[in-house]
Amino acid sequence: MKCQFCEKPATFHITELTDPGGPQVMHFCEEHAKGFLHKEASPPMTAIASALAKQLGQVGDDLEELDQKECPVCGISFFEFRNSGRLGCPYDYTHFESDLRPLLINVHDSTEHIGKRPTRSAGTADSLAKMIGLRREMEEAIEREDYERASEIRDELKAMEDPIAPKSTESDTTS
Amino acid sequence: MKRDADFDKLARYTGQWMRGEGPESDIVISTRIRLARNLADFPFIRRCSDEDRLSIERTVRARMESLTDNNWSAAQYVDLEPLSEIDRQLLVERQLISREIAEADGSRAVAFDAAEGYSVMVNEEDHLRIQVMKSGLDIKNTWEQVNRIDDMLEEVILYAFHPRYGYLTACPTNVGTGLRVSVMLHLPALVITEQMDRVFRSMQRINVTVRGLYGEGSQYTGDFYQVSNQITLGHTEADLLALVGEEVAPRIIEYERKARESLLKNNRDDLHDEVSRAMGILNTARKISSEETMHHLSKIRLGISMGLIDQLDVKVINQLFLQSQSAHLQKLQGRILGRAERHARRASFLQHHLAGKGDTTWN
Ligand SMILES: [Zn+2]
Ligand SMILES: [Zn+2]
């Protein structure tokens with residue numbers, strides 16, 4: 001038997017027990033087994049995949065439309081998220097909110113954070129998104145050597161950001 | 001922060017969390033808690049350009065350097081991108097970084113303290129993965145430390161946070177608290193008495209993941225299991241910590257204790273025989289794989305905990321678990337070794353240390 005991640009023979013067999021999926025056996029070579037064990041046990045991709053499948057069964061004909069939906073900030077499509085299980089930016093939680101909520105219920109049985117909160121608020125999701133957009137714009141400005149515009153954007157970002165951040169980082173973040 | 005990590009020196013030491021001390025340390029190897037955090041003004045890693053990753057790494061490093069906390073200024077900051085494969089592997093074996101970040105491309109880094117009690121990965125699946133590890137079952141102190149580091153970083157880094165969904169993460173399975181608490185357990189008696197299935201069944205429906213490692217067929221059975229929370233949203237950190245640390249782990253520990261008692265009462269000779277054979281193989285083999293090593297070390301660890309072996313300290317066994325791994329062996333030898341060479345080197349390394357000739361070094 002071969003390792004699930006490479007061509008080497010599988011000498012380690014890891015049983016993952018997740019509720020409600022039941023035991024799942026995975027086969028790895030020595031190196032990948034160690035990598036897998038050291039990686040903290042997060043719910044496997046199958047958890048997202050099955051939650052999505054359940055949810056998409058209800059979506060039906062609209063799936064194609066949903067798949068094409070794109071985040072205006074980072075450009076990720078729902079299709080890409082569905083395939084990778086990873087989102088593209090914080091704004092996705094706002095842009096895909098109604099599509100993600102059933103998934104959150106399937107995975108966490110909840111859609112409401114009740115734990116720790118940062119003492120400083122980053123403002124609304126819109127302002128977070130604007131910062132990412134500005135950052136892209138700044139990088140583009142640097143690319144076309146429009147340093148005046150880049151520095152304007154940098155000031156704008158600074159103003160939106162936390163006042164506590166050390167001033168010494170300014171040159172570092174854009175150089 | 002120091003930026004001159006000495007990997008040759010690192011390989012000779014064992015992190016504090018491997019001392020085999022702390023509550024329930026005859027059964028619990030370690031407690032680990034990690035928090036996933038992202039910067040508010042960058043896309044998640046998947047949609048980051050190379051420049052974005054570089055900016056994140058530089059921003060985080062500069063902000064960390066601005067911290068005046070004494071513990072923090074003594075931390076090592078290691079840029080992973082220019083590091084050799086063997087040095088990255090060494091950090092994986094020490095559990096300071098994940099295999100994913102070791103094998104990834106682009107700007108990425110890790111900061112950790114000299115005792116290796118905490119590490120902060122930069123540009124893993126999330127921009128920041130803050131983790132604290134302690135020996136034994138020590139949820140309270142582990143949480144206090146990771147929470148303190150999080151508070152400290154939050155003073156200089158603006159986190160992506162949503163009032164309704166909490167700390168925003170690249171994968172929706174981590175959103176909310178971004179917290180994963182993992183307890184690593186050594187459960188040889190439950191394995192020998194074939195009770196693990198029962199344990200697994202009893203864990204169903206309580207939002208925990210139990211992950212076990214075992215070897216090929218019946219030849220090698222590994223005895224290490226990791227218990228962690230499965231969900232991160234809709235519960236407070238305190239609830240998630242209590243679920244794993246007060247509800248699930250103590251129950252499994254109790255099962256293991258009972259199984260050990262019954263083995264001592266009913267099968268003492270068989271057990272003693274098995275432990276002695278494990279010792280015999282490690283003391284005489286001329287070449288040995290790391291799977292086989294782990295299998296025998298596990299039995300010896302059980303033998304020490306149950307008083308069947310008295311001339312060895314569990315610290316030494318923990319050290320051997322770490323240093324008999326490939327990157328450590330090669331680092332200690334001072335050169336790259338082929339597979340056959342590694343097996344031979346591992347065998348002589350084990351004999352040397354089991355005979356008490358090795359120096360057990362702690363930082
Ligand atoms: Zn492999
Ligand atoms: Zn996005």
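This report walks through a predicted model, looking at its helices, surface charges and salt bridges.

## Chain A at a glance

Let's start with chain A, which has nine helices and two strands. Reading from the N terminus, you meet both strands before any helix: the order is β-β-α-α-α-α-α-α-α-α-α. Chain A has 175 residues, and 50% of them count as buried.

For a taste of the inside, take A:Tyr93, which sits in helix H5 (residues 92-95) of chain A. A:Tyr93 counts as buried because its relative accessibility is just 1%, and the cut-off for buried is under 20%. A:Tyr93 and A:Glu148 are 55 residues apart along the chain, and their C-alpha atoms are separated by 33 Å.

## Two loop residues with positive phi

Here's a handy rule of thumb: most residues other than glycine have a negative phi. Now look at A:Asp109, where phi is positive, near 60 degrees, even though the residue isn't a glycine. You'll find A:Asp109 in the loop between helix H6 (97-108) and H7 of chain A. A:Asp109 is exposed, because its relative accessible area is 67%.

A:Glu145 also has a positive phi, about 60 degrees, and it isn't a glycine either. This residue lies in the loop between H7 and helix H8 (147-160) of chain A. With a relative accessible area of 57%, A:Glu145 is exposed.

## Checking two helices in chain B

Does the length of a helix add up? In helix H2 of chain B (residues 50-65), there are 16 residues, and at 1.5 Å a residue they should span 22 Å; the end C-alpha atoms are 22 Å apart, so the two agree. Many residues of H2(B) are buried, including B:Ile56, B:Val60 and B:Met64, but also charged ones such as B:Asp52, B:Arg53 and B:Glu57.

Helix H6 of chain B (residues 139-154) passes the check too: 16 residues at 1.5 Å each should span 22 Å, and the end C-alpha atoms are indeed 22 Å apart. Among the buried residues of H6(B) are B:Trp143, B:Ile149, B:Asp150 and B:Leu153.

## A negative patch on the surface

Which residues form the negative surface patch? They are A:Glu140, A:Glu143, B:Asp50, B:Glu51, B:Glu81 and B:Asp105. Helix H7 (125-143) of chain A and H2 of chain B are the elements that each give two or more residues to this patch.

One member to look at is B:Asp50, found in helix H2 of chain B. B:Asp50 counts as exposed because its relative accessibility is 60%.

## Salt bridges

Across all chains, a search of the whole structure finds 32 salt bridges. In one of them, B:Arg277 pairs with B:Asp273, with the closest N and O atoms 2.9 Å apart. Both partners lie in helix H10 (residues 268-284) of chain B, four residues apart, which is about one turn of the helix. B:Arg277 is exposed, with a relative accessible area of 55%, while B:Asp273 counts as partly exposed at 38%.

Some salt bridges link up: through shared partners, A:Arg86, B:Glu124, B:Glu125, B:Asp126 and B:Arg129 join into one network. Within this network, B:Arg129 bridges to B:Glu125 with the closest N and O atoms 3.6 Å apart, and to B:Asp126 with those atoms 3.0 Å apart. Are these partners buried or exposed? B:Arg129 and B:Glu125 are both buried; for B:Arg129 the relative accessible area is 5%. B:Asp126 counts as buried as well, at 0% relative accessibility.

How values were computed:
Residues numbered from 1 in each chain as written. Chains lettered and ligands numbered in written order. Predicted model: local features only at pLDDT ≥ 70, side-chain atom pairs only at ≥ 80, totals over all residues. Heavy atoms only, no water. Expected span 1.5 Å × (residues − 1). Buried < 20%, exposed > 50% of the residue type's maximum accessible area, 1.4 Å probe, protein only. Patch = residues over 30% accessible without salt bridge, like charges linked within 9 Å, V, L, I, M, F, W, Y side chains within 5 Å. Areas by Shrake-Rupley, 256 points an atom, 1.4 Å probe, with all protein chains shown as cover. Salt bridge = Lys/Arg side-chain N within 4 Å of Asp/Glu carboxyl O. Lys, Arg positive; Asp, Glu negative; His and termini not counted. Charge placed at Lys NZ, Arg CZ, Asp CG, Glu CD.
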